[in-house]
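Open the structure in your viewer and keep the selection tool at hand. The stops below say what to select and what is there.

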Amino acid sequence: QVQLVESGGGLVQAGDSLRLACAASGRNLAFYTMGWFRQAPGKEREFVAGIRWSSTSTFYADSVKGRFTISRDNAKNTVYLQMNSLKPDDTAVYYCAADPSRAGRSYRDYDYWGQGTQVTVSS
């Protein structure tokens with residue numbers, strides 16, 4: 001069992017930055033894929049960014065490419081999402097997810113989920 005806990009959400013203004021963290025416990029993450037997803041009211045859960053834990057290879061949604069950066073800290077078993085140049089459209093609940101293999105951009109690929117953290121960007 002993998003347990004995931006997100007933190008770092010909050011209320012910011014457009015153009016500001018925010019860093020989310022996802023602390024993982026329960027298993028060795030060396031061969032996992034970690035992902036960030038978000039869900040706004042009335043919308044489907046949307047892929048944001050992913051990282052292969054071992055290689056640190058990353059992939060992003062087009063809507064956040066160049067603004068967001070996903071990374072991980074092996075010693076802390078933590079994955080981060082650095083969000084810069086935030087826009088009101090980024091407002092959503094952000095979820096951390098994990099999968100024991102090479103998951104992609106679909107939330108259905110991921111086996112484990114955190115509880116979510118709210119990000120609100122005002123104009």
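**First stop: two strands**

Select strands E7 (residues 68–73) and E8 (residues 78–83): they run antiparallel and are joined by six bridges. Strands and helices here are DSSP runs numbered from the N terminus, with at least two residues for a strand (E) and at least four for a helix (H or I). Two strands pair if DSSP finds at least two bridges between them. This is a predicted model, in which local features need pLDDT of at least 70 and side-chain atom pairs count only at pLDDT 80 or more, while totals for chains, interfaces and linings use all residues. Residues are numbered from 1 along each chain as its sequence is written, and side-chain values use heavy atoms, with hydrogens and water left out.

At one place along this pair, Asp 73 is opposite Thr 78 of E8. The hairpin of E7 and E8 has four residues between the strands, and Asn 77 takes a positive phi near 50 degrees there.

**Second stop: strands E4, E5 and E6**

Now select E5 (residues 46–52). Six of its seven residues are buried, so E5 is largely enclosed by the rest of the structure. Buried means under 20% relative accessible area, exposed means over 50%, and partly exposed lies in between (1.4 Å probe, protein chains only).

Add E4, which is antiparallel to E5 and joined to it by six bridges. The hairpin between E4 and E5 has six residues between the strands, with Gly 42 at a positive phi near 75 degrees. Then add E6: E5 and E6 pair in the antiparallel sense through three bridges. Along that pair, Ile 51 is opposite Thr 58 in E6. The hairpin of E5 and E6 has five residues between the strands, and Thr 56 has a positive phi near 65 degrees.

**Third stop: Thr 33**

Thr 33 is in strand E4 (residues 33–39). Is Thr 33 buried or exposed? Thr 33 is buried, with a relative accessible area of 1%. Show its side chain together with that of Arg 52: the two make a polar contact at 2.8 Å. A polar contact is a pair of N or O atoms within 3.5 Å; within protein, one must be able to donate a hydrogen and the other to accept it, and residues adjacent in sequence count only if both atoms are side-chain atoms. A polar atom of the Thr 33 side chain also lies 2.7 Å from the backbone oxygen of Ser 101. Leaving aside neighbours within four places in sequence, the residues in contact with Thr 33 include Ile 51, Phe 59, Ala 97 and Tyr 110. Contact means heavy atoms within 4.5 Å.

**Fourth stop: charged pairs**

How many salt bridges does the structure hold? The structure holds four, where a salt bridge is a side-chain nitrogen of Lys or Arg within 4 Å of a carboxyl oxygen of Asp or Glu.

Select Arg 38 and Glu 46. They are bridge partners, with Glu 46 in E5, and they also form a salt bridge whose closest N and O atoms are 3.0 Å apart. Arg 38 is buried at 6% relative accessible area, whereas Glu 46 is partly exposed at 34%.

Next select Arg 67 and Asp 90, a salt bridge with its closest N and O atoms 2.8 Å apart. Arg 67 is in the loop between strand E6 (58–60) and E7, and Asp 90 is in the loop between E8 and strand E9 (92–99), so the pair ties together parts that are 23 residues apart in sequence. Salt bridges that share partners join Arg 38, Glu 46, Arg 67 and Asp 90 into one network.

**Last stop: rings**

The structure holds six aromatic pairs. Rings of Phe, Tyr and Trp (its six-membered ring) pair if their centres lie within 6.5 Å; planes under 30 degrees apart count as stacked, over 60 as edge-to-face and the rest as tilted.

Select Phe 37 and Tyr 110. Their ring centres are 5.2 Å apart and their planes are at 75 degrees, so the pair is edge-to-face. Both Phe 37 and Tyr 110 are buried. Phe 37 also forms a tilted pair with Trp 113, at 5.1 Å centre to centre and 55 degrees between the planes. Trp 113 is partly exposed, at 26% relative accessibility.
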